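Student: I should like a close look at a single part of this model, the open sheet. Please describe how the sheet is put together, and then what surrounds it.

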Amino acid sequence: MVNRETAVWQKRPNVREKEGFSPILKKGDFFYLCRADKVRFLGRIISDEIKEYEGGREDWYALKYEKVANSLDRKPYLGEKHWWTPNGKSIYACVPKEEWAIFETIILKPYFHLNLPALVEKRYRHNHWLLRFSRVGRNDGIIPIGGRYKYSFYDAEGQRRQKFINALSVRKGDKIIGFVSEPVEQIRAIFNVIAVEEGENFVCEKYESLVVPIDLAVFCKHISLVDMEYFQRGGGDLFHLTEQEYSCIKEEIRAYNPRRNGQAVKPYLKRDFLREVYIEESQYKNLVAVLHRKKNIILQGPPGVGKTFMAKRLAYTLLGERAERQIECVQFHQNYSYEDFVMGYRAVENGFALRYGIFYQFCQRASSNPQKDYFFLIDEINRGNVSKIFGELLALIETDYRGKEVTLAYNGQRFFVPQNLYIIGMMNTADRSLALLDYALRRRFSFFDIEPAFQTKSFCAYQERVADEKFDKLLVEIQNLNAEIRADKLLGNGFCIGHSYFCNARQCTEQWLHDIIKFDILPLLHEYWFDEPEKCEYWEQVLLGAIQ
């Protein structure tokens, strides 16, 4: 039988001393546990010290063990019968060496996805642990890379911690996955155990902070983790992980936090921004100053001025590199909701489960790494019902309320929008179907107008590189067209033709220019002047004539 962290066996009648018992089961030996005829898990003995079982029975002994892997099949065993296979009786038996191959075939592979060589490799490997940091006086967020943390086996009153037995099993070289429980249970970092003071404490060193924290709720339904000690007995701070469980969690961590390939990071500076985005340096300085002051900004302008392109490169230049992991981008639409953005209940196999939205998770990511900036980009921000989507968070994004907490309606937990998170929205001023943004949103965002950049120094330099006469003639007519659009009382600046239609020309050909006119610009003009077809026909002749 198994009692928490000790494996317990009844002493055979013909074995009168502990010495007679020890050769049968010793440190490093493996055992698989059955309940009735169901295989539960694979374990390994980690101590040669045999103790009397403290359960009140004189004829029972106990050895310390650790779990190696959980069974992947909980159905009753119906396979080949041997005296050491599951049989519903409370006994233990040794698998003879000559039958190890059979054991591998009918137990080890189907229930644990292991073979004998892999099992031998695991015999003296290091342990793995899950450690909670969000307790009074302990916070993983303040531990830098290379920083150390000492975990005492006793609390402030000198009492043993709940997982005292686990603490005694920690060895130098063990791996620790660190998590916090406030405001939500999330894995935040990975540590190495570098020193152990027997019976007192151990010291671990932080070697990785997760840029994207992982909610522990993600793992609770995983078939390889349903028996994880943390989910079975949540009290305490230190929980054992089997190697199988550690590998499963590590795979999820790597999916969201891929390692860099070791190449030098190429910086992204102001000059790179001004080369790619066609605005003047003075405008760039104003844009950066406004964003730093307000933290929330909306880039508004007509179609084709490169609002989304500009937003992402603005984030790059403020980060100093193309740090995609510190940028998130969404697009609002009429059906976008608070449940998508912050949190809400979603249908799952057996009912409904609370799921965190993209903005909530991004705020958690930013708050776990306060020394770096994060940028949340919202395309088509005026297409969604902003008050409905943000809910109570609409107040928290305001500069003066950053870092202040509110209680969320769905889970009752405290939440805040961190200081190091910037929001950049993009808005198309030529979309007639949209209502004006409400005053509450306008008060929390600064608005920056993006206009066609045909006259900027950087676009003129690009035009010189293209060096095509038809291209030059067409741009002259496009600027004349924009002048007429601005003069139209029903249109104005917000409906001009943007420069991005003519950017990134791999090869400036007449066909390329023709396609831009025919399939991009003319449909837009027909929408603008739907009741003035003669005006559309005129500009069609002018624009196509410029490239002939």
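**The open sheet and its surroundings**

Tutor: In this predicted model, Val180 has Gln186 of β10 as its bridge partner. That pair belongs to the junction between strand β9 (residues 175-180) and strand β10 (residues 186-197), which run antiparallel and are joined by six bridges. In general, the strands of a sheet are paired through backbone hydrogen bonds, in either a parallel or an antiparallel manner.

The sheet to which β9 and β10 belong is open and has six strands, in the order β8-β11-β10-β9-β7-β12. The pairing in this sheet is mixed. Its edges are formed by β8 (148-152) and β12 (238-241), each of which pairs on one side only. From one strand to the next, the twist averages 35°.

Two helices are to be considered against this sheet. Helix α6 (residues 243-256) lies across β7 (128-132), β9, β10, β11 (201-215) and β12, and runs at about 45° to β11. Helix α11 (residues 358-367) also packs on the sheet, where it touches β10 and β11. The direction of α11 makes about 145° with that of β11.

The edge strand β12 leads to a further feature, an internal cavity. The count of cavities of 30 Å³ or more comes to one, and the largest cavity has a volume of about 70 Å³. Its lining consists of Arg44, Glu66, Lys67, Val68, His126, Asn127, His128, His240, Leu241, Thr242 and Glu243. The elements that give two or more residues to this lining are β6 (60-70) and β12. Strand β6 provides the largest share, three residues. Sorted by class, the lining of the largest cavity comprises two nonpolar, five polar and four charged residues.

A helix pair may be added to complete the description. Helix α8 (residues 281-294) and helix α9 (residues 307-319) pack at an angle of about 75°, and their axes are 12 Å apart. The two helices, α8 and α9, are therefore roughly perpendicular to each other. On the α8 side, the contact is made by Tyr284, Leu287, Val288, Leu291 and His292; on the α9 side, by Met310, Leu314, Thr317 and Leu318. The residues of this contact of α8 with α9 divide into seven nonpolar and two polar, with no charged residue.

Conventions:
Residues numbered from 1 in each chain as written. Predicted model: local features only at pLDDT ≥ 70, side-chain atom pairs only at ≥ 80, totals over all residues. Heavy atoms only, no water. Pairing = 2+ DSSP bridges. Helix = DSSP H or I, 4+ residues; strand = E, 2+ residues; numbered from the N terminus. Axes fitted to C-alpha atoms, helices over the stretch in contact; angles between N-to-C directions. Contact = heavy atoms within 4.5 Å. 1 Å grid on protein atoms, 1.4 Å probe; cavity = no way out; pocket = protein on both sides within 12 Å on 5 of 7 lines; lining within 4 Å. Points joined across faces, edges and corners; volume = space filled by probe spheres on them. Nonpolar A, V, L, I, M, F, W, Y, C, P; charged D, E, K, R; others polar. Parallel < 35°, antiparallel > 145°, perpendicular 65-115°, else oblique.
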